[in-house]
Amino acid sequence: MNYARIAGTGSYLPEKVLTNADLEKMIDTTAEWVVERTGVEERHIAAPGETTCDLSEQAARRALAAAGVEPTDIDLIVLGTTTPDHVFPSVATQLQHRLGCYGGPAFDVQAVCTGFVYALDIANRFIQTGAVRRALVVGADTFTRIINWQDRGTCILFGDGAGAVVLEAASEPGIIDSRLGADGRYKELLWVPAGVSSGYEQTRENAAFVEMRGSEVFKVAVTTLKEIAEQILAANHLTVTDLNWLIPHQANRRILSATAKRLGLPEERMVDCVRTHGNTSAASVPLALDVAVRDGRIQRGDTLLLEGFGGGFTWGAVLLKY
Ligand code: COA
């Protein structure tokens with residue numbers, strides 16, 4: 001069996017920044033409330049006309065440059081997103097076209113905020129079987145496009161962005177273990193009621209925007225992020241002390257802190273970009289990974305645990321040596 005290793009990372013954030021002071025002018029809230037309850041101080045918002053594929057392309061080009069490979073070296077593109085440019089074709093095929101690396105499989109994965117972790121797991125399996133040698137794995141969302149800017153319970157949390165990694169075949173890990181899960185019974189805690197098959201027409205007001213039961217999501221997120229970390233570590237005869245870095249889905253500062261506390265992991269060993277990114281959905285984990293690689297916190301040989309959690313609910317964990 002082959003292993004897969006991360007050869008390079010990249011990310012991209014749109015230029016426009018929306019601060020909590022800006023939000024104070026839009027909804028009934030205060031900057032203090034938002035920081036205290038979420039940890040988010042600002043988030044990036046895609047410009048009008050700037051799409052998920054645009055963000056993906058920037059992140060992908062940076063990951064390719066970091067890995068020192070050409071687009072034509074890529075055999076597979078797997079892209080996690082909930083906010084594709086079109087109903088079809090997929091963002092992945094359009095990204096392939098932008099990069100000019102034709103012929104290999106390219107597809108999107110829809111697992112909401114767990115999209116990148118799902119995509120990474122899938123690409124890892126393609127490499128393990130020998131089906132491909134090199135994959136581009138992307139998490140990208142323009143999530144603010146499905147946000148109701150009148151809903152103060154959701155609009156404070158989310159931002160836009162993209163992150164990418166180049167994953168390549170290697171003789172040793174790389175990715176040590178990877179586990180995914182889902183439980184569809186939680187659909188209505190975090191969802192967009194409108195859709196292609198159920199109809200885009202507004203059956204009720206704001207059906208095309210994210211609806212969330214925040215405090216209930218919070219509880220399941222913390223429990224799940226703790227459990228999946230413990231499960232994957234135990235299965236590989238490791239403990240939290242063996243981890244150099246935990247990179248959880250950047251949902252909310254309080255979710256991150258509660259997860260670290262329950263795991264007994266010092267917060268200094270958790271990558272936290274919530275303050276400046278907000279929750280960027282599928283982009284959040286690869287964005288945080290790339291930030292910590294580029295600022296030198298994450299070094300080659302470090303043991304990392306990546307964790308996703310999102311609508312569905314979906315979840316996943318990837319344990320790897322960077
Ligand atoms: N500003 C001021 N007050 C607000 C507010 C805002 N932006 N948003 C909600 N409130 C109010 C509510 O209306 C409520 O008022 P009430 O008691 O008069 O009814 C009060 O604050 C408490 O609301 P609640 O929803 O219980 O707050 P909370 O402490 O749970 O915080 C979230 C709300 C959304 C910040 C929090 O639940 C959360 O972060 N949940 C997880 C969401 C998440 O991460 N989702 C993505 C997972 S992938």
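Which residue in E7 does Val137 stand opposite? In this predicted model, Val137 stands opposite Val165 of strand E7. The pair belongs to the antiparallel arrangement of strand E6 (residues 134–141) with strand E7 (residues 161–170), in which eight bridges are formed. On another pairing, E6 runs parallel to strand E4 (residues 76–80), to which five bridges join it. Within this parallel pair, Leu79 has Val138 of E6 as its bridge partner. Strands of a sheet pair through backbone hydrogen bonds, in either the parallel or the antiparallel sense. Strand E6 is largely enclosed by the rest of the structure, because seven of its eight residues are buried.

Helix H4 (residues 91–99) contributes to the surroundings of these strands. Its buried residues are Val91, Ala92, Leu95, Gln96 and Leu99. These residues cover an arc of only 140° around the axis and therefore lie on the same side of H4. The buried residues of H4 pack against helix H3 (52–67) and against E4, E5 and E6. Gly100 follows H4 and has a positive phi, near 70°.

A comparable description applies to helix H2 (residues 31–38), in which Ala31, Val34 and Thr38 are buried. Viewed down the axis of H2, its buried residues fall within an arc of 70°, so they line one face of the helix. The face turned away from this buried side carries the exposed residues Glu32 and Glu36. Packing partners of the buried residues of H2 are helix H1 (20–24), strand E3 (42–45), helix H7 (253–263) and helix H8 (274–277). Just after H2, Gly39 adopts a positive phi of about 80°.

The arrangement of a further sheet was also examined. An open sheet of four strands has the order E8-E13-E12-E11 and mixed pairing. Strand E8 (175–182) and strand E11 (245–248) form its edges, each pairing on one side only. From one strand to the next, the twist averages 10°. Seven bridges connect E8 with strand E13 (residues 314–321), and these two strands pair in the antiparallel sense. Asp177 has Leu319 as its bridge partner in E13. Helix H6 (residues 214–235) packs on the sheet, where H6 touches E8, strand E12 (303–310) and E13. The direction of H6 makes about 145° with that of E12. Helix H9 lies across E11 and E12 and runs at about 145° to E11.

Attention then turned to the annotated positions. An unreviewed UniProt entry places the feature "active site" at Cys113, His249 and Asn279. Although these residues are spread over 167 residues of sequence, they cluster in space, with a largest C-alpha distance of 8.5 Å. Cys113, His249 and Asn279 are included in the lining of the second largest pocket.

Cys113 is located in the loop between strand E5 (106–109) and helix H5 (115–128). With a relative accessibility of 6%, Cys113 counts as buried, because the threshold for this class is under 20%. Not counting residues up to four places away in sequence, Cys113 touches His249, Asn279, Ser281, Ala282, Phe309 and Gly310. Asn279 lies in the loop between H8 and helix H9 (284–294), and at 5% relative accessibility Asn279 likewise counts as buried. With residues up to four places away in sequence again left out, the contacts of Asn279 are Cys113, Leu157, Phe158, Gly159, His249, Gln250 and Ala251. Cys113 and His249 are thus among the residues touched by Asn279.

Ser281 is likewise placed in the loop between H8 and H9. This residue is buried, with a relative accessible area of 0%. Beyond residues up to four places away in sequence, Ser281 touches Val112, Cys113, Asp141, Phe143 and His249. Two of the annotated positions, Cys113 and His249, accordingly occur among the contacts of Ser281.

A domain annotation in the unreviewed UniProt entry, "Beta-ketoacyl-[acyl-carrier-protein] synthase III N-terminal", covers residues 107–184. The end C-alpha atoms of residues 107–184 lie 22 Å apart, and the span is 18% helix and 37% strand.

Notes
Residues are numbered from 1 along each chain as its sequence is written. This is a predicted model: local features need pLDDT of at least 70, side-chain atom pairs count only at pLDDT 80 or more; totals for chains, interfaces and linings use all residues. Side-chain values use heavy atoms; hydrogens and water are left out. Buried means under 20% relative accessible area, exposed over 50%, partly exposed in between (1.4 Å probe, protein chains only). The arc is that of the directions from the helix axis to the C-beta atoms. Contact means heavy atoms within 4.5 Å. UniProt positions are given in the numbering used here, feature names are shortened, and annotations may be inferred rather than shown by experiment. On a 1 Å grid over the protein atoms alone, a cavity is a set of points where a 1.4 Å probe fits but cannot get out, and a pocket is an open set with protein on both sides within 12 Å along at least five of seven lines; lining residues have an atom within 4 Å of a point. Two strands pair if DSSP finds at least two bridges between them. Axes are lines fitted to C-alpha atoms, for helices over the stretch in contact, and angles run from 0 to 180 degrees between N-to-C directions.
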